[in-house]
Amino acid sequence: MPVLTHRLPDVSAADAEQILATHWQLVGSARPLPGERERNFHVYTADSREFVLKVASPFEDAAAIELQVLALAHIASAAPETPVPRVVPAVDGSRMVSLDVGGEPHSARLLTWLPGRPLAEVSPHSPALLRGIGKTLGSVAQGLSSFNHPAARRGLKWDLAAPDWVGEHVHRIADASRRQQVERILDNFVRVVRPSLRETRSSVVHNDANDYNVLIRVDPDGVGAPSGLIDFGDLLQSHPACDLAIAIAYAMMDKPDPVGAAAHVVAGYHDAFPLTEREIGLLFPLAKVRLAVSLVNSALQADLTPDNGYLQISAEAVVRLLDLLAPVHDRFAEYRFREACGLVPCPSSISVAEWLTKNARSFAPLLGAPLAAGEVHVHDFSVTSGTIGSIDDWRDQRRFSKLVDDELAASGARVGIGRYDEVRAIYTTDLFRVEGNDGPEWRTVHLGIDVGAAPGTAIHAPFAGTIHSFRDNNAAGDYGPTIVLEHPAMDDRPTFWTLYGHLARTSLDGLEVGQVVAAGDRIGWLGDVSENGGWWPHVHVQLMCDMLDRFGDFQGVARPDEREVMLSVCPDPAPFLGLDASARAPRAPDTSTLVARRAQAIGPSLSVSYRKPLHVVRGVMQYLIEADGRRYLDCVNNVAHVGHAHPDVVGAGQRQMAALNTNTRYLHEAMLEFAERLTSTLPEPLRMCYFVNSGSEANELAIRMARAYSGERDMIVVDVGYHGNTTTLVDVSPYKFNGPGGAGAPDWVHVVPMPDTYRGAFREDEPDAGLKYAQAVREAIRRIRQAGRRPAAFLAESILSCGGQVPLPSGYLAEAYRHVRAAGGLCIADEVQVGLGRVGSHWWAFEEHGVVPDIVTMGKPLGNGHPLGAVVTTPDVAARFANGMEYFNTFGGNPVSCAIGLEVLSVINRDSLRENALRTGNYLMERLRAVGEKHELVGDVRGSGLFIGIELVTDRDQRTPAGREAAYVANRMRELGVLVSTDGPDHNVLKIKPPLCFGAHDADVLSATLDRVLGESALAPGA
Ligand SMILES: Cc1ncc(COP(=O)(O)O)c(C=O)c1O
């Protein structure tokens, strides 16, 4: 921004209040606002209205002020919905009032106050927010399109159509390469942009939609929307394209994917005020001109006022953005903006695709001879595929190559096809990760077709052309030796290019750029895994309607965000390969379709996680993968205990499934071995196993056992506990019976308070908190006995999960168990959530308390996602339960379940997952506590191993639960690619319970993402 010094009118707040009373008959208080050229006041009236009073000095151009006033009045009538300030007439009806200040004539005007914060102080900038900003600008532009004023035809430093003045100052940019970049941008303006700009619409435009002039309001859910556009001091007769380009330049600032951010603004603008194709094409180069002008201006001002730190900071943001934009081709940005406006992104793709389809039969066959029916096998490399092996196969290129070879061999076909527009699982590895505006994204969409055959198979040019470029792209996972052919324009079609990757190195020998290639000429051979970038032998064939000035290479995979644009630049090559529609991967349904179908087919009492539902199609260890290939760090699914789709567990299940699956009335070693191995993790005398299909079944069975054992019915449970979905379990789950739709506790259920030392009656500073909380158990027993009964059992989790990840205070369980046993009841430890090594220090969370329950119930983690639960008890309880009534479970303990359970136990040991849970859990808590130091909202970080809770509070002293904020954090983290969820009676505790393969790097990602979200203004009070 220019640093200009003006003499501001000598008007105090008291004077302002006097002016208001005299001319507007308003009684209120005035508070000075910053202003470069005018004296501005924020006015609060006695009747709670807000205004801005602006007083201009005699040095201000009266015509320029009139321009602003009339423009605002015009917008108010031409586009009344547009959120811009309204001019408030004085009592005499005039919009501008003449004043005498110190003997000099001044003018004053009153505008309505718009609520909101400047965009610069708001985060995040969601796609919807950016789109809204575009829409606001578009509606202002629409309003101004019918406005004229002679004062708008003026020379302004910030006229984007006239940046020539910076030419003489470019030398002030010290860095030579930066200077050259700026010169290139300005040169492109003169040669390309200006002539075209002159052909676009001219109009009065706002001309300064910088991030302090766009105001945003954030709703209680943290969703921001524009509430106004202010500062009409730079109104200018210019071009709408320039106006929008200025806004784009600011919207791109500090975004990892600046063009993506800009595209949202363009889309919104186009909705309100449709752009022409020519204007769309100019936006990106014009935005760069704005950045170049800014940078030169900063250098100029730095020379004039070297101490101005603000200039330095804003220049750094511009430099960072210019660096990010340097590799972005102008036409690529144009294509993205075209897509945002609903146009075909790459215009020439239409005629190329039509020509290909029309001539489909006349191309020379790629492999020398046409592909006969039955010769082709189509692979499924998609994220939903069941035939592409596991993460172990994808990590090892040779192993993956062999897997594909074997599949082709088994199919009996000669040629294997990898599909176009396929979202591929193998591209969800770190090699293909890029930073998007909302967290990481993966380049997962395949833009060509893979044609696989034996290494050394000759490749032929399908059409005539010339050698455009060639190169050995020899990084691991890249194309290896690659040839690009250019197919020059003919009568009925524009120029296009074809790329052939993963060739044998010898293919490049003797090649020359420009060399003529006839249709059918041999251009190379298929490479093998040692030379072709490390892939199975195949050629990646891709068609490009625009090479975007690339040579010997072109991106072969696209981010989901860029999918439609890149598919337009790279149409389907199937027609010239002689392939049918099976060579194109089918599209996944969009989430809104699935939500609608679900509403028709699935009962509404089953909710969907997150405001923006997730459509996950694959799990890979600690990650979940969405249909478009986005990878989420799963911090919440403790069911996938050793990792989603852990290859060893999958293999064990598959092998047993192929051999036998039947029920437990037959002898089977897997069941016995599983029982023996499982009980070996437990202290004596817990040695008797019963296998079931879920945690609910386990708790049901445990309650039956306790009743059979004691002959009593009454249960003691901890508040906010959840123990399962059956009728009886809902009756013993305060979380349910005291929650929405619940009918309260039945008379045989006795609830004791959560022993919560953060928000409960006895806090962390109470040394005997455990014993004191356990008194409530004794009290409950007393009440039961008063009614002439005894307790059947005390059922409690060893760390309270639904209660909000609450660890039990020391001494609590021992004391509670002592009371229960003294009354003849049994002690049931519900380890469905927390058991099987999750706490790290022990196999079972109750062990942290030095107690041994009479019954342990297990579920979630036991089968790593396969429905498997267990009840383990003592021989004594087992004997009393065997009262003649048989216990049979059709599926529980079947050979497949047992094989899976056994493998889960093996993996925990083999992969040292308990040790990892302890180490990573401690590290994670350390990191989370460091995040908590920075953000007041974090009240408590607690847990054991990889079972962690982060309690959010709006007030650390009062420990006031921050449920709304926790919902924001969980939903926002999901947007950023990290899955957590909330729990606790006030839903203000973030729960962390990831698969145990979660590592230190994942802990870093989780804590950094939490830090980012907690720092967002959407969470700040008064947002
Ligand atoms: C502590 C606890 N017990 C039991 C259950 C019931 O397990 P399932 O859903 O496998 O029936 C759950 C389920 O969330 C649970 O959290």
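Me: Before I look at how the chain folds back on itself, what does contact mean here?

Reply: Contact means that heavy atoms lie within 4.5 Å. In this predicted model, residues 24 or more positions apart account for 74% of the contacts in the protein with a separation of 6 or more.

Me: How many helices and strands does the protein have, and what share of its residues is buried?

Reply: The protein has 27 helices and 43 strands, and its C-alpha atoms fill a box of roughly 100 × 90 × 50 Å along the principal axes. Of the 1023 residues, 56% are buried.

Me: What is the mean pLDDT of the protein, and where is the pLDDT below 50?

Reply: Where pLDDT is low, the predicted coordinates should not be read in detail. Here the mean pLDDT of the protein is 95, and 99% of its residues reach 70 or more. Over residues 1–5, however, the pLDDT is below 50, although this stretch has 15 contacts in the model beyond near neighbours in sequence.

Me: How should I read a single helix such as H7, and where does a kink lie in it?

Reply: Begin with its length: H7, residues 277–304, has 28 residues and reaches 41 Å from its first C-alpha to its last, which is close to the 40 Å expected at 1.5 Å a residue. A kink of about 40° lies at Leu283, shortly before the proline Pro285.

Me: Why is H7 described as largely enclosed by the rest of the structure?

Reply: The reason is that 22 of the 28 residues of H7 are buried, and a residue counts as buried when its relative accessible area is under 20%.

Me: How do I apply that cut-off to a single residue, and is Ser568 buried or exposed?

Reply: Ser568, which sits in helix H13 (residues 563–569), has a relative accessible area of 9%, so it is buried. Leaving out residues up to four places away in sequence, Ser568 touches Val344, Pro345, Cys346, Ser349 and Cys545. Glu965 in helix H26 (residues 963–975) is also buried, with a relative accessible area of 10%; beyond its neighbours within four places in sequence, Glu965 is in contact with Leu937, Leu952, Thr954 and Leu1019.

Me: How do I read a sheet, and which are the edge strands in the one with seven strands?

Reply: Strands of a sheet pair through backbone hydrogen bonds, either parallel or antiparallel. Here seven strands form an open sheet in the order E29-E37-E36-E35-E32-E30-E31, with mixed pairing. The edge strands, each pairing on one side only, are E29 (688–692) and E31 (749–752), and the twist averages 20° from one strand to the next. Strand E30 (residues 714–718) pairs with E31 in the parallel sense over four bridges, and Met715 stands opposite Val749 in E31.

Me: Which helix packs on the sheet?

Reply: Helix H17 (residues 669–679) packs on the sheet, where it touches E29, E36 (855–858) and E37 (869–873), and its direction makes about 120° with that of E29.

Me: Which backbone angles deserve a second look?

Reply: Most residues other than glycine have a negative phi, and most peptide bonds are trans. In this model the peptide bond from Ser123 to Pro124 is cis, with omega near 0°, and a cis peptide bond also joins Glu684 and Pro685, with Pro685 placed in the loop between H17 and E29. Tyr610 has a positive phi near 70° and counts as buried at 18% relative accessibility, while Arg959 has a positive phi of about 55° and counts as buried at 15%.

Conventions
Residues are numbered from 1 along each chain as its sequence is written. This is a predicted model: local features need pLDDT of at least 70, side-chain atom pairs count only at pLDDT 80 or more; totals for chains, interfaces and linings use all residues. Side-chain values use heavy atoms; hydrogens and water are left out. pLDDT is the predictor's confidence in each residue, from 0 to 100. Helices (H or I, at least four residues) and strands (E, at least two) are DSSP runs, numbered from the N terminus. The expected span of a helix is 1.5 Å times one less than its number of residues. The bend at a residue is the angle between axes fitted to the seven residues ending there and the seven starting there. Buried means under 20% relative accessible area, exposed over 50%, partly exposed in between (1.4 Å probe, protein chains only). Two strands pair if DSSP finds at least two bridges between them. Axes are lines fitted to C-alpha atoms, for helices over the stretch in contact, and angles run from 0 to 180 degrees between N-to-C directions.
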